Amino acid sequence: MNLLGRTTIHSGSFSIEDFAPLYARIGRGPNAAGNHRIPQRASCLLRRLLTRMYVLNRFQPRSGMKWPLRSPERIVVVELRNERLCFRMRNLAFFERSLSLSTIVNAQIPWLPFESPLVTCLSGTGRVGIRIDGEPDCIAADPSSPPTEINFDRLAAWSSDTRLGISVEPGYANAISVASAAAVVRSSSLVIAGRGEEDAIGTVGLVQRALRLVVP
């Protein structure tokens, strides 16, 4: 089964009783007061500090335990099998202890002017929960199919084999001072994004563009 086939969208509370021990964002999940831990202390240090994800709750799922959800939040659970999932740290809800945090460099030329080349990842075998405010889109893209445009602000997670392009409004100002808001997904095993009604192309100010190079 491919990665998209091992992805499940939850719109209400769901069972985690068969999950391995979890690390979860503090204040979320069935054990909000939790057992504070600092897993993999040297991994993704700056990103975790900036997004208050350095200290996490660790808990052991037990019989009948559920992950609580309230609308409009959704959790997308992805089962990795010796694969790597890239994500924005602010969208991470939890991950199983068997997965490893790391940072990779995204050297795709279209990506570099608009986002930090340092990308946070989880790899190995296990499950990870990605939080989306509202309805998510989970897609896979084949190079032979028409590409899909996704607003950069809605991009939450993507497989490490994803190949992206950039869609930019024409004009000198956009090229110099305003970041493109649309990623063009040319091929991917999985991309997770929030669903929005706005146009795919928008504008981001220079200050916001600079911050996106640092804050995930």
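**Aromatic pairs and salt bridges of the predicted chain**

Arg 131 is buried, with a relative accessible area of 14%; buried means under 20%, exposed over 50% and partly exposed in between (1.4 Å probe, protein chains only). The model is predicted, so local features need pLDDT of at least 70 and side-chain atom pairs pLDDT 80 or more, while totals for chains, interfaces and linings use all residues. Residues are numbered from 1 along each chain as its sequence is written, and side-chain values use heavy atoms, with hydrogens and water left out.

The chain holds 3 helices and 17 strands. These are DSSP runs numbered from the N terminus (helices: H or I, at least four residues; strands: E, at least two). Of its 216 residues, 48% count as buried. The exposed area is about 10400 Å², and carbon and sulfur atoms supply 52% of it. Areas follow the Shrake-Rupley method with a 1.4 Å probe; for residues, only the protein chains shown count as cover. Among contacts (heavy atoms within 4.5 Å) with a separation of 6 or more, 80% join residues 24 or more positions apart.

The search for salt bridges covered the whole structure and found 9. The criterion is a side-chain nitrogen of Lys or Arg within 4 Å of a carboxyl oxygen of Asp or Glu. Arg 131 bridges to Asp 133, with the closest N and O atoms 3.0 Å apart. Asp 133 is exposed, at 59% relative accessibility. Arg 131 also meets Glu 73 in a salt bridge of 4.0 Å, N to O. Glu 73 lies in strand β7 and Arg 131 in strand β10 (residues 118–133), so this pair ties together parts 58 residues apart in sequence.

Glu 73 is buried, at 12% relative accessibility. Strand β7, its host, spans residues 73–87. The side chains of Glu 73 and Arg 28 share a polar contact of 2.7 Å. Such a contact is a pair of N or O atoms within 3.5 Å; within protein, one must be able to donate a hydrogen and the other to accept it, and residues adjacent in sequence count only if both atoms are side-chain atoms. Not counting residues up to four places away in sequence, Glu 73 touches Ser 11, Arg 28, Arg 131, Ile 132 and Gly 134. Salt bridges link Arg 28, Glu 73, Arg 131 and Asp 133 in a network.

Strand β7 also contributes Glu 83, whose partner Arg 6 lies in the segment before β1 (7–10). Their salt bridge is 2.9 Å, N to O. Glu 83 is partly exposed at 24%, whereas Arg 6 is buried at 8%.

Aromatic pairs number 3. Rings of Phe, Tyr and Trp (its six-membered ring) pair if their centres lie within 6.5 Å; planes under 30 degrees apart are stacked, over 60 edge-to-face and the rest tilted. Phe 19 and Phe 94 are edge-to-face, at 6.0 Å centre to centre and 65 degrees between the planes. Phe 19 sits in the loop between β2 (14–15) and β3 (22–24) and Phe 94 in strand β8 (residues 92–96), so the pair ties together parts 75 residues apart in sequence. Phe 19 is buried at 8%. Phe 94 is buried at 0%. Tyr 23 and Phe 95 form a tilted pair, at 5.7 Å and 45 degrees. This pair connects strands β3 and β8. Ring pairs also link Phe 19, Trp 67 and Phe 94 into a cluster.

Arg 127 lies over the face of Phe 19, 3.8 Å from the ring centre. The rule requires NZ of Lys or CZ of Arg within 6 Å of the ring centre and within 35 degrees of the ring normal.
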